[in-house]
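This report walks through one protein model, for a reader who is meeting such structures early in a course of study. Please keep the sequence and the three-dimensional view open while reading.

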Amino acid sequence: MEKFDLNHEYFLEISQKCRYNERMAEWYRQMADEQFDFLYPLTQREESWRVHMNPEYRKMCTYSNRAHSIEFCMRDGWTSDYYRMHGVKILKGVNRCKDRFCYNCQSMDSLQRFHEYAPVIDRFAEKYEIYHVVFSQPNVPGFILDQTLDLMYKSFSRLVGFMSGKKKIKGLDLKGMYGFEGCVRALEVSQNDKDSYFHPHFHCMWVMKKGIDTTPKHRNMFSADRSHRREDRLFSDFEVFLQRIWYLLLNGIKVTKKNLEALPQIEGKRSYPDGFSCFAEPAKGKYHEVFKYATKGSFSNGSILNDYDCFKVLYKALYHRRVYQTYGCFYGIDMNELHDDGFSPGDLADMCFKELLEKLNSSETPVIVIESLIDILKVKIAEEDKGVKYISVLSIRRAFDEVPAELRPKLKEKIVSLIWDQCI
Ligand SMILES: [Zn+2]
């Protein structure tokens, strides 16, 4: 039987992620302290109300508030409806900080984002082909991260202009070749452990016409896998085109047919005869990459951002920056936004959850329980054998995600009847 409840490991994992948050809180506090040091000389010569009116003072308060909320995120306020007779707790919510650097909040949001927006992309999958397209360029040191992101954002918009045919390249009909309809673009920034350089890149879902030739046939400087974990990768004509145009755009070189055929190199700089690293693959319903979060790379392999200075650089570079941007056929859809009542009537997992609630409510009136994470972990250890189940709409969705579509109706029946039979 697939797991559809939140087990001990789930809560344990959250408590482990809370430890990362302690470090983040410490760094936010350090930023507040620095701000205070910066303010201090002002207090000597200005009236205290002037200091309170000072935007720098407010910045200091923001950092301390962030430190506090990230530190206590998901530790308290786990609210559930407890159905004693059935031994079920239906989780309704928990205190969350929603900070961009909170490992817990970001992983939960990315699941929710997938649930809310994957169907939006799916809508185009019948008529068009969806491609997962990734754009990278050489890693950059922290002090130019912010400018690099600005340049990437601007270059990407220009690229969309060319793809959609709004901007023309003499002798090339890009719109006719690829039938680009629109895309979702998401930012991710990871970090190289060795030299602390940042690796900003875009994950995108591109909606294009069906039948583009994606035969891998070109070997180039991006083909080799340095870790030797896979065979050399060959690239399609389309990928080679992306590698070249991305290079031209980021280097401010005019995009012409001639320049795309033979990339002009910049004197005195390292040469990139094949452009910058990009690849494109049919997404086949797997949109997870685009719904990850901007700081995901900072948490990869169990590691965290290298140090406080890197945190500060990333904080400032991401400050007020929109992670998701939509173009063309996705116009008007803001994937930065999440809606809490993400219930979709057409979704089998959501229907299963609804039916479960109706059945429980028809036989028992629940009591509201509010617990801390520590409480839950203790209860889970003590009551594991008695089988009190913590269930949330997310846990049901996860169970459905893990089985093939044809088995889902059966899973729905199983879950509802199992909880029903569990009635003591
Ligand atoms: Zn959080």
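What follows moves from the whole chain to its strands, then to its helices, and ends with a single residue.

## The chain as a whole

The model is a predicted one, and its secondary structure comes to 13 helices and 9 strands. Of the 424 residues of the protein, 30% count as buried. If we look at contacts between residues at least 6 apart in sequence, 74% of them join residues that are at least 24 apart.

## The open sheet of five strands

How are the strands of the open sheet ordered? The sheet has 5 strands in the order 6-3-5-4-7, and the pairing is antiparallel. Its edge strands are strand 6 (278-282) and strand 7 (324-328), each of which pairs on one side only. Direction ignored, neighbouring strands of this sheet are turned by 20 degrees against each other on average.

Strand 3 offers a good place to follow the pairing in detail. Strand 3 (residues 129-135) is joined by 7 bridges to strand 5 (residues 198-208), and these two strands run antiparallel. Within this pairing, Val133 has Cys204 in strand 5 as its bridge partner, while Glu129 stands opposite Met208, again in strand 5. Strand 3 is also joined to strand 6, by 5 bridges and in an antiparallel manner, and here the bridge partner of Phe135 is Cys278 in strand 6.

## Strand 1 and its partners

Strand 1 (residues 78-83) pairs in the antiparallel sense with strand 8 (residues 367-371) over 5 bridges, and one residue to look for is Thr79, whose bridge partner in strand 8 is Ile370. Strand 1 also pairs with strand 2 (residues 88-93), in the antiparallel sense and over 5 bridges; in this case Asp81 has Ile90 in strand 2 as its bridge partner. Strand 1 and strand 2 form a hairpin with 4 residues between the strands, and in this hairpin Gly87 takes a positive phi near 65 degrees.

The table gathers the strand pairs described so far.

| Strand pair | Sense | Number of bridges |
|---|---|---|
| Strand 1 and strand 8 | antiparallel | 5 bridges |
| Strand 1 and strand 2 | antiparallel | 5 bridges |
| Strand 3 and strand 5 | antiparallel | 7 bridges |
| Strand 3 and strand 6 | antiparallel | 5 bridges |

## Two pairs of helices

Two packed helices are described by the angle between their axes and the distance between the axes.

The axes of helix 5 (residues 145-163) and helix 7 (residues 237-250) come within 9 Å of each other and cross at roughly 125 degrees. An angle between 115 and 145 degrees counts as oblique, so helix 5 is oblique to helix 7. The crossing of these two helices is right-handed. On the side of helix 5, the residues that meet helix 7 are Leu151, Ser155, Arg158 and Leu159, and their counterparts in helix 7 are Ile245, Leu249 and Leu250. By kind, the residues of this contact divide into 5 nonpolar, 1 polar and 1 charged.

In the second pair, the axes of helix 10 (residues 348-363) and helix 12 (residues 393-401) come within 9 Å and cross at roughly 135 degrees, and therefore helix 10 is oblique to helix 12. The crossing of helix 10 and helix 12 is right-handed. Helix 10 contributes Leu348, Ala349, Asp350, Cys352 and Phe353 to the contact, whereas helix 12 contributes Val393, Ile396, Arg397 and Phe400. The residues of this contact divide into 7 nonpolar, no polar and 2 charged.

## A closer look at Leu145

Leu145 lies in helix 5. Is Leu145 buried or exposed? A residue counts as buried if 20 or more other C-beta atoms lie within 10 Å of its own, and because Leu145 has 21 C-beta neighbours inside 10 Å, Leu145 counts as buried. Leaving aside residues up to four places away in sequence, Leu145 touches Val140, Phe198, Pro200, Val313 and Ala317. Leu145 and Leu318 are 173 residues apart along the chain, and their C-alpha atoms are separated by 9.6 Å.

Notes. Residues are numbered from 1 along each chain as its sequence is written. This is a predicted model: local features need pLDDT of at least 70, side-chain atom pairs count only at pLDDT 80 or more; totals for chains, interfaces and linings use all residues. Axes are lines fitted to C-alpha atoms, for helices over the stretch in contact, and angles run from 0 to 180 degrees between N-to-C directions. Angles under 35 degrees count as roughly parallel, over 145 as roughly antiparallel, 65 to 115 as roughly perpendicular and the rest as oblique. A crossing is left-handed if the near helix is turned anticlockwise from the far one by less than a right angle, and right-handed if clockwise. Two residues are in contact if their C-beta atoms, placed from the backbone, lie within 7 Å. Ala, Val, Leu, Ile, Met, Phe, Trp, Tyr, Cys and Pro count as nonpolar, Asp, Glu, Lys and Arg as charged, and the others, Gly among them, as polar. A residue is buried if 20 or more other C-beta atoms lie within 10 Å of its own, exposed if 12 or fewer, and partly exposed in between; C-beta atoms are placed from the backbone. Two strands pair if DSSP finds at least two bridges between them.
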